[in-house]
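Colleague: I am new to this model and would like a close look at a single part of it. Could you take me through the disulfide and then set it within the rest of the chain?

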Amino acid sequence: QVQLVESGGGLVQAGGSLRLSCAASGRTFSEYAMGWFRQAPGKEREFVAAISRNGGTTYYADPVKGRFAVSRDNAKNTVFLQMNSLKPEDTAVYYCAASPLPIATRTREYAYWGQGTQVTVSS
């Protein structure tokens with residue numbers, strides 16, 4: 001099993017920035033693509049961003065393109081999500097996830113999930 005722990009969530013004003021971190025256990029972190037998902041109250045969980053095993057490829061959901069950036073540090077077993085120009089509609093619980101595939105954007109392609117961290121954007 002892979003244990004994932006998110007941190008960095010909190011309350012921020014619209015237009016502000018926040019950086020989420022996800023720390024992973026184990027020696028095989030570099031064997032997993034990593035992704036970020038979010039779920040707002042009463043809504044389905046949705047894909048946000050993903051990064052390939054070596055960090056060479058990234059994908060973003062349309063609502064966050066140009067505002068969010070995903071990165072990873074395999075030496076530290078950590079993946080990040082830099083969120084800029086935040087909007088109230090970004091408010092959600094954000095989840096980190098790991099996939100055995102080289103890159104993945106679908107929920108079913110991810111095998112391990114963190115506990116989530118709350119991001120609230122005020123207007």
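**The disulfide and its surroundings**

Modeller: The link of Cys-22 and Cys-96 is left-handed, with -80 degrees about the S-S bond. The pair connects distant parts of the chain, since Cys-22 sits in strand 3 (residues 18-24) and Cys-96 in strand 9, 74 residues apart; strands here (E, at least two residues) and helices (H or I, at least four) are DSSP runs, numbered from the N terminus. The S to S distance between Cys-22 and Cys-96 is 2.1 Å, where a disulfide is defined as a pair of cysteine sulfur atoms within 2.5 Å. In general, a disulfide is a covalent bond between the sulfur atoms of two cysteines. The structure holds one disulfide.

Before going further, please keep in mind that this is a predicted model, in which local features need pLDDT of at least 70 and side-chain atom pairs count only at pLDDT 80 or more, while totals for chains, interfaces and linings use all residues. Residues are numbered from 1 along each chain as its sequence is written, and side-chain values use heavy atoms, with hydrogens and water left out.

Cys-22 counts as buried because its relative accessible area is 0%, and Cys-96 is likewise buried, with a relative accessible area of 0%; buried means under 20% relative accessible area, exposed over 50%, and partly exposed in between, with a 1.4 Å probe and protein chains only.

From Cys-22 the picture leads to Asn-77, which touches Cys-22, Ala-23, Ala-24, Ser-25, Gly-26 and Phe-29, leaving aside residues up to four places away in sequence; a contact means heavy atoms within 4.5 Å. Asn-77 is found in the loop between strand 7 (68-73) and strand 8 (78-83), and it counts as buried because its relative accessibility is 15%. The phi of Asn-77 is near 50 degrees, a positive value in a residue other than glycine. Most residues other than glycine have a negative phi. Ser-85 also has a phi near 50 degrees, again positive in a residue other than glycine. Ser-85 lies in the loop between strand 8 and strand 9 (92-99), and at 41% relative accessibility it counts as partly exposed.

On the side of Cys-96, strand 9 also holds Val-93. Val-93 touches Phe-37, Arg-38, Gln-39, Gly-116, Thr-117 and Gln-118, again not counting residues up to four places away in sequence. The C-alpha atoms of Val-93 and Arg-27, however, are separated by 27 Å, with these positions 66 residues apart along the chain.

To set this part within the whole, the protein has zero helices and 11 strands. Of the contacts in the protein with a separation of 6 or more, 58% are between residues 24 or more positions apart. Buried residues make up 44% of the 123 residues. The radius of gyration is 13 Å, which agrees with the value near 14 Å for a compact globule of 123 residues; this radius is taken over C-alpha atoms, and the globule rule is 2.2 Å times the number of residues to the power 0.38. Along its principal axes, the C-alpha trace spans about 40 × 25 × 25 Å.
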